[in-house]
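Hi there,

Here is the structure I promised to pass on to you. Please have a look at it first, and then read on for what turned up.

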Amino acid sequence: PPLHNPFQPPSTPFPPPTTHVMAEPTDVSINPRHLPSAQDEVLSVGQASVSRSVMLAETPSTPVVGGASSWMPSPALFSPTFSNLKDLDVEKLKKPGAARQEYRRKLLRGATVLIVMGGYSGKKFIYERLKELGVKVVVMDQPESIWAAEAEKGTIHAFMELDFHDYSAIFENAMKLVESAGFEFNAVTTYYEDAVPLAARIAVTLGLDTNPVEACDRARNKNTTRAVMQAAGLPTPAHATVRSAEDLEAACKVVGFPAILKPSFGASSLGVCRVENEEEAKVKFEQIMSECTPEVDVVFAQGTELVMEEYYDGDEFDVDMVLSEGEVVYAKVSDNYACWEPWFQETGTCCPSQYPEDKQAEIVQLATDTTLALGFKAGAFHVELKYTSRGPRMIEVNARMGGVSVREMNLQAWGVDLVEEHVMTALKIPARPYVPEKPLRFIAGIGINAPYSGTVTSGATWIDFVEKDPLVTYLEIYQKAGQKVTGPEKGMPDWLPGGGGGGKDGGG
């Protein structure tokens, strides 16, 4: 059953938005996703214009050219590009606000960014958004990926082909590509879990400021993450590294049951399972070791060791965070519906969280402490936790923006675009997203898992009615007519469609 009912409005409705006293609007374009604030210029509703609030303490008594506040640079830089960043006092951009956010977006224009592994086709929206922002994106990915075709279509600026299966030579081969490509990269980053360590290594070698390679390695290896947490005095489950049948026998004695057995370098719940006793653990160990190989998924080229750790009770949550220069500038909690065990396949989420605020604060604090203990200082992060009978407990830190509906959830609920915030941090543009005091809307997302194995015959027509519902804001079909799907009787079930929607003012 779901953790919460996403269609139940809150018992106490939110108060109406604050009324602002406004001056005559000036003609400065602004993204309408951002709400008015007493600390900033405010959007004139129904107009693509901005007005200064009389409550803005830093508004100069004498208007500046273009109606800009005192933080703005000279008129020559009212429409900046990335090349102007070096000439700016970036300290003045380290405040949230709609006008500052628009200025930060303009600074992205003309930047050349190397994206290591573009990911699956469902991530195309990332690069479409970056193109809208004026970022020249070069994707380095495998020859069978979709990104060569997307480069021809103009979705991305260029494509660089690299074989990711030979992990021992991947860095050397990547650097040869980079050095011969003829691009001057302003940043190297990724939105894909598998590529985090490689992206950091390329950036460091090019002399670009980025997250420490050691931090990326610690987060990718779940065994190392646990060791770092333990050394930092953070709550850590009983756990053990498993590379052999002998390791497994010892781990069963250390961890006990029920327990979780999963790959140290996995992603997307691949190979994750719950085991109830030693005999079941042995069966699952053999199964995981045979299925989680580089031939099955390139992610396992990084390593095939497993981790066994104690099973946590309680409800599961996500914290989506943005770090800028070692400071947490955004952190919001979403509620996860109960995973489909024993594979821990996700079934849905609700944003913003309906959990008590004091417990949300504990969850955010553990997410923050763990991310900083690993050594990270910049970027978007997707942190998964549980609130157990003993308090918050960490599942894992993903050193990239969350996948599937995470960007959409945060954008609709809070007006924060994790795509642009992440690339800003990579380019050393201060990230200070404007976050309204109250959520813009409530949104729930559901992923429908295949109830049994077989072949899809009707395509997406069986769910056409959903798209006609005005509360549904997005729908993604993962399996099309003619495709074979796995159901629970054969292993981790496939997603069929996934989507979500919500309403304003407490609607669901």
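Of the contacts in the chain with a separation of 6 or more, 66% are between residues 24 or more positions apart. Please keep in mind throughout that this is a predicted model. The chain has 508 residues, and 53% of them are buried. Its accessible surface comes to about 22,300 Å², with 53% of that belonging to carbon and sulfur atoms. In terms of secondary structure, there are 13 helices and 20 strands.

Let me start with the parallel sheet. Four strands make up an open sheet in the order E5-E4-E3-E6, with parallel pairing. The edges are taken by strand E5 (158–161) and strand E6 (187–189); each has a single partner strand, so one side of each is left without a neighbour in the sheet. From one strand to the next, the twist averages 20°. Strand E4 (residues 136–141) is joined to E5 by 4 bridges, and Val 138 has Ala 158 in E5 as its bridge partner.

The other open sheet I looked at is antiparallel, with 4 strands in the order E7-E10-E8-E9. Here strand E7 (239–242) and strand E9 (273–275) stand at the edges, and each has a single partner strand, so one side of each has no neighbour in the sheet. Direction ignored, neighbouring strands of this sheet are turned by 25° against each other on average. Strand E8 (residues 259–263) pairs with E9 in the antiparallel sense over 3 bridges, and Ile 260 finds its bridge partner in Arg 274 of E9.

Two helices lie across this antiparallel sheet. Helix H7 (residues 222–231) lies across E7, E8 and strand E10 (306–310), and runs at about 150° to E7. Helix H9 (residues 278–291) lies across E7, E8, E9 and E10, at about 155° to E9.

Arg 274 deserves a second mention: besides pairing with Ile 260, Arg 274 lies over the face of Tyr 311, at 4.1 Å from the ring centre. A charge over a ring turns up again at Trp 414, where the charged end of Lys 332 sits 3.9 Å from the ring centre.

Now for the aromatic rings, where the count comes to 8 aromatic pairs. One of them is Tyr 127 with Trp 147: the ring centres are 4.9 Å apart and the planes stand at 80°, so the pair is edge-to-face, the cut-off for that being over 60 degrees. Tyr 127 belongs to helix H2 (residues 124–132) and Trp 147 to helix H3 (residues 147–153), so the pair ties together parts that are 20 residues apart in sequence. Tyr 127 is buried, with a relative accessible area of 0%, and Trp 147 is buried with a relative accessible area of 0% too. Together with Tyr 191, Tyr 127 and Trp 147 form one aromatic cluster.

Strand E14 (residues 379–388) is worth a look as well. Of its 10 residues, 10 are buried, so E14 is largely enclosed by the rest of the structure. In a regular strand the side chains alternate between the two faces of the sheet. In E14, Gly 379, Phe 381, Val 383, Leu 385 and Tyr 387 point one way, while Ala 380, His 382, Glu 384, Lys 386 and Thr 388 point the other way, and all are buried.

What does E14 pair with? Strand E11 (residues 315–324) pairs with E14 in the antiparallel sense over 9 bridges, and 7 bridges join E14 to strand E15 (residues 391–398), which also run antiparallel. Leu 385 appears in both pairings: Leu 385 is the bridge partner of Phe 317 and stands opposite Met 394 in E15. E14 and E15 form a hairpin, with 2 residues between them.

One last residue to point you to is Ile 446, in strand E16 (residues 442–449). Is Ile 446 buried, partly exposed or exposed? At 38% relative accessibility, Ile 446 counts as partly exposed. Leaving aside its neighbours within four places in sequence, Ile 446 is in contact with Tyr 337, Thr 347, Gly 348, Pro 497, Gly 498 and Gly 499. Tyr 337 is 109 residues away from Ile 446 along the chain, and their C-alpha atoms are separated by 8.8 Å.

Best wishes

Note on methods:
Residues are numbered from 1 along each chain as its sequence is written. This is a predicted model: local features need pLDDT of at least 70, side-chain atom pairs count only at pLDDT 80 or more; totals for chains, interfaces and linings use all residues. Side-chain values use heavy atoms; hydrogens and water are left out. Rings of Phe, Tyr and Trp (its six-membered ring) pair if their centres lie within 6.5 Å; planes under 30 degrees apart count as stacked, over 60 as edge-to-face and the rest as tilted. Buried means under 20% relative accessible area, exposed over 50%, partly exposed in between (1.4 Å probe, protein chains only). A charge sits over a ring if NZ of Lys or CZ of Arg is within 6 Å of the ring centre and within 35 degrees of the ring normal. Two strands pair if DSSP finds at least two bridges between them. Axes are lines fitted to C-alpha atoms, for helices over the stretch in contact, and angles run from 0 to 180 degrees between N-to-C directions. Contact means heavy atoms within 4.5 Å. Accessible areas come from the Shrake-Rupley method with a 1.4 Å probe; for residues, only the protein chains shown count as cover.
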